[in-house]
Structures are given as C-alpha cells and as structure tokens.
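Let us read a ligand site together, one step at a time.

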Amino acid sequence: MKATLVESHEIAPEVRHFVFQASEVQQLRFKPGQFVSFEQMLGGKKITRAYSIASLPAGNRFELCLNLVHEGHFSPHLFAMKPVDSVEMTDPLGFFVVRNPSKDAVFVATGTGIAPFRSMAPDYLKHPQAKELTLVFGVRHERTIYYRGEFESLVKQHSNFRFWPTLSRPEPSWKGRTGHVQLHLLEAIGERRDLDIYICGLKTMVDDVRAILKQLGFDRKQIIFEKYD
Ligand SMILES: Cc1cc2nc3c(=O)[nH]c(=O)nc-3n(C[C@H](O)[C@H](O)[C@H](O)COP(=O)(O)OP(=O)(O)OC[C@H]3O[C@@H](n4cnc5c(N)ncnc54)[C@H](O)[C@@H]3O)c2cc1C
C-alpha cells in the first residue's frame, strides 16, 4: 500500500517527526510498538527500511520519528519528501509489543529508539490493570529530549508512570539525570527481578543492556528488544 506524507517537522537537529496517511485503507491496524517497512527504488535499486510507528492507532494516519543518517541510503530520501509525496509500505509488522500490561515494566530507549514507546507508554497506562512503568530515555542534550512535554504530561495523568530522561552531554544548567541509560536502569530495577524490560535503539546499547540484565538473572522472556541497526 501507499503511505502519503501529510506533514513533517523538525523536533531536534537532524531529527524529524513525520505524519503519514495510508489512504487506501480507512483504518491502519497495528499494535503499539510495531513498525512499517518502506520500500522505494533509489539509484536503480530497491531499498527497504523499517520504521517504528510513533503514534497510537488513529484511522489511517500514523506518525514516525526519524533521525537523518547522512551517508545513509533511505533516511535522506525521507527527509527530502514533501507533503503529498508517497512511498510504498507494508502492513505493520513485528513482535516488539507489550506482552503483559499487568506486569510492572521498564522501557529503555536512546535517540529515535523512543519512537515505539511514544505509542506503547500511553497504551500501557490506559490498561485498567497497568502497574508501575518507568521510561528511561537517553539522549545527548536537553534540547533533544524528544516529546518531553508529552511524557511529562503523562506523568501528571498517571501516578504509576515515571519518566527519566538522562543526558550524556548535559549543559551546565541541567539539574536532572546524566550519563548512560544503563546506570539509571539499575536504579529503576533495584532488587526486583520480576519486571519486564523493553529496550529500543542502536545495537550497541541494546546488547549492552541485555548483557547487564542477563547477568542480573533476568530470564530472556522478560527482555523484549528492537534493534535499529
Ligand atoms: C524494526 C526497526 C525499526 C526502526 N525504526 C526506526 C525509527 O523509528 N526511526 C529511525 O530513525 N530509524 C529506525 N530504524 C532504522 C531504519 O530502518 C534505517 O536503518 C535508518 O533510517 C538508516 O537507514 P539509511 O538507509 O538512511 O542508512 P543505511 O544506508 O542503511 O545505513 C547507514 C548506517 O546507519 C546506521 N544506522 C541505522 N539506523 C540508524 C539510526 N536510527 N541512527 C543512526 N545510525 C543508524 C547503520 O548501522 C549503518 O551503519 C528501524 C530499524 C528497524 C530494524
């Protein structure tokens, strides 16, 4: 099916929020956390890339959060798209979805790895049996805490939600958490070994967090992850 660009805007340097419409269907059905695969002929080659849906199901519209990979094949093409341009895409796919909303959970993201959690967090919190949810979000600078206002307002609406942004290159004025997500994950877990941990971002971070969790004695079924590269 076709995905038509409705609008896109910059949310941080070289990071854009995209709104697409799947005009051929009335409802784009997906579970929060799933991704779509875009496909395009570029330079004579068919290129396919996956993108996590960063919005809740709502008619045939869906949103993405992308960073530009300068030397990349596909992301520069998406960044150059204008409203009403379109791209081929698959139905939503993937198994990075909340397994059990009645279990306490920690979500761990770095950079645009926040995309699926923008859909999964409000969905999880909506569940009548939802318990404690902590989102640990690592970025470099304060201005790159994507969707900060939205997550902060979720905190105000849900006393069982904690939002912990952490900066790896904080400005002197920053009074919040600093350093890598790994450090704050340990605080979020404490002595608990009964949590589900969801991880999304680039391979180095995801593999590192998985190794820490395994060492702490977490079962592999409790570790749910999505790697972007
Ligand atoms: C299931 C899944 C969901 C994804 N969801 C998103 C998403 O929501 N937002 C998003 O921005 N990307 C996402 N990606 C990554 C995306 O599919 C592309 O890999 C990315 O846009 C780079 O593609 P490219 O063709 O421009 O670069 P390529 O030519 O494929 O690769 C260039 C280099 O960029 C590295 N790279 C890949 N992804 C990133 C990244 N995000 N940031 C920095 N370097 C990267 C690769 O390791 C490679 O070395 C997802 C990947 C998967 C598998």
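**Reading the ligand site**

The ligand sits in the largest pocket. The model is predicted.

Q: How many residues surround the ligand, and which are the closest?
A: Start with the shell. Here 21 residues surround the ligand. The closest are Arg49, Ala50, Tyr51, Phe74 and Ser75.

Q: Which elements each supply at least two residues of that shell?
A: Map the shell onto helices and strands. β4 (45–52), β5 (61–67), α1 (75–80) and β12 (223–227) each do so. β4 gives the most, with four residues.

Q: How does the shell around the ligand divide by class?
A: Sort the residues by side chain. The shell has 11 nonpolar, six polar and four charged residues.

Q: Which N or O atoms in side chains pair with the ligand?
A: Look for polar contacts, with a cut-off of 3.5 Å. A ligand nitrogen is 2.8 Å from a side-chain N or O atom of asparagine 67. A ligand oxygen is 2.7 Å from a side-chain N or O atom of serine 75. The backbone takes part too: a polar backbone atom of serine 52 is 3.1 Å from a ligand nitrogen.

Q: What percentage of the ligand's accessible area does the protein cover?
A: Compare with the ligand on its own, at 880 Å². The protein covers 77% of that area.

Q: What volume does the largest pocket have?
A: About 1400 Å³. Of its 47 lining residues, Asn67, Thr110, Gly111, Thr112 and Leu202 are the closest to its centre. By class, the lining has 19 nonpolar, 19 polar and nine charged residues.

Notes:
Residues numbered from 1 in each chain as written. Predicted model: local features only at pLDDT ≥ 70, side-chain atom pairs only at ≥ 80, totals over all residues. Heavy atoms only, no water. Near = heavy atom within 4 Å. Polar contact = N/O pair within 3.5 Å; in protein donor to acceptor, adjacent residues only side chain to side chain. Areas by Shrake-Rupley, 256 points an atom, 1.4 Å probe, with all protein chains shown as cover. 1 Å grid on protein atoms, 1.4 Å probe; cavity = no way out; pocket = protein on both sides within 12 Å on 5 of 7 lines; lining within 4 Å. Sits in = over half its atoms within 2 Å of the grid points. Nonpolar A, V, L, I, M, F, W, Y, C, P; charged D, E, K, R; others polar. Points joined across faces, edges and corners; volume = space filled by probe spheres on them.
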